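Welcome! Take a moment to look over the protein below, and then we can talk through it together.

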Amino acid sequence: HTNSRNLLEAINNSGAEPDKLVLHNVTKSDSGKYICIIGNDHVQKEFSATLVVIEEGESLPFEPPCSLHIRREVLVDQAQGCRSAVPVDMHYCMGSCGRSYYVPQLMTSSILKKNGSSGVSVNQTCKCCVGVVDGIRIVELDCPLGNKKRGFYTLLRECQCQMCNISEAQPATTMTKT
């Protein structure tokens, strides 16, 4: 249910997911602990919740920031079943780069003429957690038929947030005359 000022939206799910309460048009000053008291002549219940307001571009408080991780694993060539004799340290990037949005923008023929077909058509703050390559490691693999094979994998030095490449996800646009 949304009130007339479009500040509150309650979503009642009848499934396994918990109910949600979405607040619109809030600011950092609205952050804090809220208490809801429900009662009648016989019983009274009190519920509390903490509201955390996140500004555009900030990470969610429960998401760790983009950072370098290392896991040890045996590498396997899926095509031939060859495996590294010992586990190797695999570096990978994972974590949040802040909240993102991708909003299509109005395009006109004059904008397309000025900017060409690759004119700006979206407003985005999408950032992705990507690795900075430090080098390539070569590993010897043991194959099922007894032969050996060489493989390689990338070694990352660090991870950083970079603008996402949206060229592959360009939405199809259709303009109609109204």
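Here are some questions and answers about this predicted model.

Q: In which order do the three strands of the open sheet lie?
A: Strands of a sheet pair through backbone hydrogen bonds, either parallel or antiparallel. In this open sheet the pairing is antiparallel. The edge strands, each pairing on one side only, are β6 (83-84) and β11 (148-163). The order is therefore β6-β10-β11.

Q: Which residue in β10 stands opposite arginine 83?
A: Strand β10 covers residues 127-142, and two bridges join β6 to this antiparallel partner. Arginine 83's counterpart in β10 is aspartate 142.

Q: Which elements give two or more residues to the largest nonpolar core?
A: In soluble globular proteins, nonpolar side chains tend to be buried together. Here the largest nonpolar core has eight residues, including Leu75, Cys82, Cys143 and Tyr153. Leucine 75 touches several of its fellow members, among them Val88, Met90, Val139 and Leu141. The elements asked for are β7 (88-94) and β10.

Q: Is isoleucine 138 buried or exposed?
A: Isoleucine 138 sits in strand β10. The cut-off for exposed is over 50% relative accessible area. Isoleucine 138 has 60% relative accessibility, so this residue counts as exposed.

Q: What accessible area do Ile136, Ile138 and Phe152 have together?
A: These three residues, Ile136, Ile138 and Phe152, form a nonpolar patch on the surface. Their accessible area together is about 380 Å².

Key. Residues are numbered from 1 along each chain as its sequence is written. This is a predicted model: local features need pLDDT of at least 70, side-chain atom pairs count only at pLDDT 80 or more; totals for chains, interfaces and linings use all residues. Side-chain values use heavy atoms; hydrogens and water are left out. Helices (H or I, at least four residues) and strands (E, at least two) are DSSP runs, numbered from the N terminus. A nonpolar core is a set of buried Ala, Val, Leu, Ile, Met, Phe, Trp, Tyr and Cys residues joined through side-chain atoms within 4.5 Å. Buried means under 20% relative accessible area, exposed over 50%, partly exposed in between (1.4 Å probe, protein chains only). Contact means heavy atoms within 4.5 Å. Patches are made of residues with over 30% relative accessible area and no salt bridge: like charges are joined within 9 Å, nonpolar side chains (Val, Leu, Ile, Met, Phe, Trp, Tyr) within 5 Å. Accessible areas come from the Shrake-Rupley method with a 1.4 Å probe; for residues, only the protein chains shown count as cover. A salt bridge is a side-chain nitrogen of Lys or Arg within 4 Å of a carboxyl oxygen of Asp or Glu. Lists of a residue's contacts leave out its neighbours within four places in sequence.
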